[in-house]
Each structure stands twice: as structure tokens, then as C-alpha cells.
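Thanks for making time this morning. I would like to walk through one part of a model, so please have the sequence and the coordinates open as we go.

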Amino acid sequence: MIIRPVAATDLDTLYRIADESGPGFTSLMPDRDALARKIDHASASFCREIETPGDEHYLFVLEDEETGAIMGTTGIEARTGHTRPLHHFHHNTVVHHSRDLGLRRQVETLTRCSHYNGHTEICSLYLRPEYRRANAGKLLSRVRFLFMAQHPERFADTVIAEMRGVSDHAGQSPFWNWLRQHFVDMEFTSATSLVGSGYTDFIEELMPAAPLYTHLMSDEARAVIGKVHPHTRPALRMLEAEGFRHRGFIDLFDAGPTVECGLGDIASARRSIQCTARFADAGRPGQLDQTAQPVIVATTGTKDFRATVTDRAWIDPDGAAVTLPRQLGDRLGINEQAAVWLLPLNHAQADSGKQPAHPAAIPADEQGDRHYAH
């Protein structure tokens, strides 16, 4: 499996992914022209010289080397709200209190806001069902944080992820069904398609600006506030292990939670290290014959960025160099002594009490932090 930047030749497969991913996956919509523009924008973003984040969009694909098939996608928006506001509902508690009457009541409200403008957003994570295999989902999720660790000047200090909310196979969202009944008479798929195409004016024009009292909503709508789609639960668990937390902001359309974490606090970004690559021939006795934990290996470029997972990497005790199979180096397009970045794939190995075969893959200042993933 190889991670690489999206290319124009991926358009047909990207369209199929956008179609099969279903309603609510607004970062990839089944619109060939829009997807072609997204690919062009991503290609230009990878080529830019960056000092501060702007409207860059980085879209990666996961490719099966043997067949050339695109297994999935993953992406990063460098700065939200650059061209249009990013709207949410803020879910909080309001206290109504009358001192004279001795009455007090707490009620939950949803208030429309644009809290997250200017933050980096991870998005477009999708692994096609027929390609779900060991480490594929982890690679798609964590390679973004490794890329951010390499190029922090391209991203904001806070990273967010909008998690897909609850909807059924027919594309019906219980939360949106209530909003539609009272405010916006539009199908859920139509509303998400508008947002996916970049049109958001109707949010300011039609969506409620005054606080909504949740106890006045239907039971079905209230039950899914801050909940994720069943297919999204594994992705949410991975992000929570990275340090992401929900701060009460939810999606306007399906009420899915938005989670956030400081870039410097993301576990994978903190555990990423840079090494010098050395090569060993396959089958030659030596360090590569020893058992190792899986690790992501990535090149240091942007437009020519490549990453993969291997359990055939041996890191020197001082962490300065890593020995890789020569064939893997060829697949990544790197030469001897090239700089590479490494990330242990299993954060839990630090919590298990079992020492990894390459302890230098965890920075020295974190080797005592055995409880981080919990």
C-alpha cells in the first residue's frame, strides 16, 4: 500500500468513491466537474511554497501497488473559513433562574456559530469496503499527522475533524428531518450537496440564528445530537486515541460532533521522528530478520510525497538512522542516506508493558508516557 498525492488520472475512481460513500460525506460529492477542480486545487497546493496556511487543500489516495487500484482517500484543509464561513451549532446548557420566585431550570440549547474559522481540518477519510485490510485505516488516518509534523508551517495550531452524523441507508437524517419540518424545506441530500459544492448562502438565509431549545425537538432528533454514523465510529476512536476531544460543536445538518486537538498535542505528530535511510538486501542475514512492530515510513517532499507501512524497518538505538529493505526504498523513490520520517503504527504498544523492537521510534521524552492512548 502506498500513500501519494491525488492525480488527474484518479478522477474516475474518485467519482466512484464519492458516489459509494453516500449522503453526509460532503468533502467528496459525486460531481465530476467539482472533483476535477478539487484535484487541480490539491495538485497546486502540494506545489506551493508556504510560509503561513491559506486555502490549500491536500488530498491523498491509498494505492494498491500490485493492481494500481485506489483503495481510499484522506485529506487536509489547511485553513477553514478562508473562502466561506464554517458553520456549526454549539450545544450548551442555559440556566433560567428567578430569585424572587425561587425557580431554577437548566435547558440545553443549540446556537449557530462560526467558531472554527481559521483552523486546519482533516477530512475525506474513506476506505473502500472491498479493500479493508490490516493497517489500511490506520495508515489513512495517521499519515496526515505525520505530514503535518513534517510541514507545520502549512497548518494552523489547532486541528479539527467533522465527524459524520447519524443517517440511514436511504439518506434520511433524524436531526435534519426536524429542521426541515420547521425551517428549511429541503431534502437532506440536497442540502449536503449544496454545501459540498461550496454554496452556503442558504445557511445564513434560512437556518435559525436564535438558540434552539433541544427539549422542543423530536425525540429522534434529540437522540442523535453529537452522535456519529456507525461506519464512523472506528475513525472517531482513532482520533480520540490521538488526543482529539469534542467541545460541544456539532454539524448543522446531521448533528455529528466536531472534535479538536492542538497540532503539537496530536500523538502521531509528537511520535514522528526523522531518520537517515540505509538499505539492506532482502534475504541477507542481519537486523531486518528481527521481529519489528509496523511503522509508517514517509518521504520528506510534498508534491512527490510517498508513505507506506512496513514491519521490516530497524531503527538504530540513537534514532539517527533506519535500515529498510532496498526494494521498499525503490518503491518510495528514495536513495541511500535520504531523510525519511517514521511513525509507529500502534500507539498502544507503549501501554502494553511490552518493549517495541524499535524503541527509538518513540521520542525519549515520551517513552515514560505509557498511558497516553487511554
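Helix α3 is mostly covered, with 13 of its 15 residues buried, and I should say at once that we are looking at a predicted model. The helix takes in residues 136–150, and because a rise of 1.5 Å a residue gives an expected span of 21 Å for its 15 residues, the 21 Å between its end C-alpha atoms agrees with expectation. That agreement goes together with a bend in α3 of about 30°, which is located at R142.

Now to what lies on either side of α3 along the chain. Strand β6, residues 120–127, pairs with strand β7, residues 158–162, in the parallel sense, and 3 bridges hold that pairing. The chain passes from β6 through α3 to β7, and the β-α-β crossover made in this way is right-handed. Within the pairing, I122 stands opposite A161 of β7, while in strand β10 the residue opposite A161 is V259. The pairing of β7 with β10, residues 257–262, is antiparallel and comes to 5 bridges.

Let me turn to a single residue, T74, which sits in strand β3, residues 70–77. Is T74 buried or exposed? Its relative accessibility is 0%, and since buried means under 20%, T74 counts as buried.

Which groups does the side chain of T74 reach, then? One is the backbone oxygen of L140, at 2.9 Å, and another is the side chain of R144, with which the T74 side chain makes a polar contact at 3.2 Å. If we leave aside neighbours within four places in sequence, the residues in contact with T74 include L140, V143 and R144, and also C123, S124 and L125, with Y58, L59 and F60 completing the list. As a general point, an α-helix has 3.6 residues a turn, so residues three or four places apart point the same way.

The last element I want to show is helix α8, residues 233–242, where L236, M238, L239, A241 and E242 are buried. What covers these buried residues of α8? Among the elements doing so are β6, α3, β7 and β10, together with α9, residues 267–271. Just after α8 comes G243, which takes a positive phi of about 115°.

To draw this together, α3 lies on the path from β6 to β7, and those elements are also among the ones that cover the buried residues of α8. I am happy to take questions.

Key
Residues are numbered from 1 along each chain as its sequence is written. This is a predicted model: local features need pLDDT of at least 70, side-chain atom pairs count only at pLDDT 80 or more; totals for chains, interfaces and linings use all residues. Side-chain values use heavy atoms; hydrogens and water are left out. Helices (H or I, at least four residues) and strands (E, at least two) are DSSP runs, numbered from the N terminus. The expected span of a helix is 1.5 Å times one less than its number of residues. The bend at a residue is the angle between axes fitted to the seven residues ending there and the seven starting there. Buried means under 20% relative accessible area, exposed over 50%, partly exposed in between (1.4 Å probe, protein chains only). Two strands pair if DSSP finds at least two bridges between them. A crossover is right-handed if, with the strands pointing away from the viewer, the path from the first strand over the helix to the second runs clockwise. A polar contact is a pair of N or O atoms within 3.5 Å; within protein, one must be able to donate a hydrogen and the other to accept it, and residues adjacent in sequence count only if both atoms are side-chain atoms. Contact means heavy atoms within 4.5 Å.
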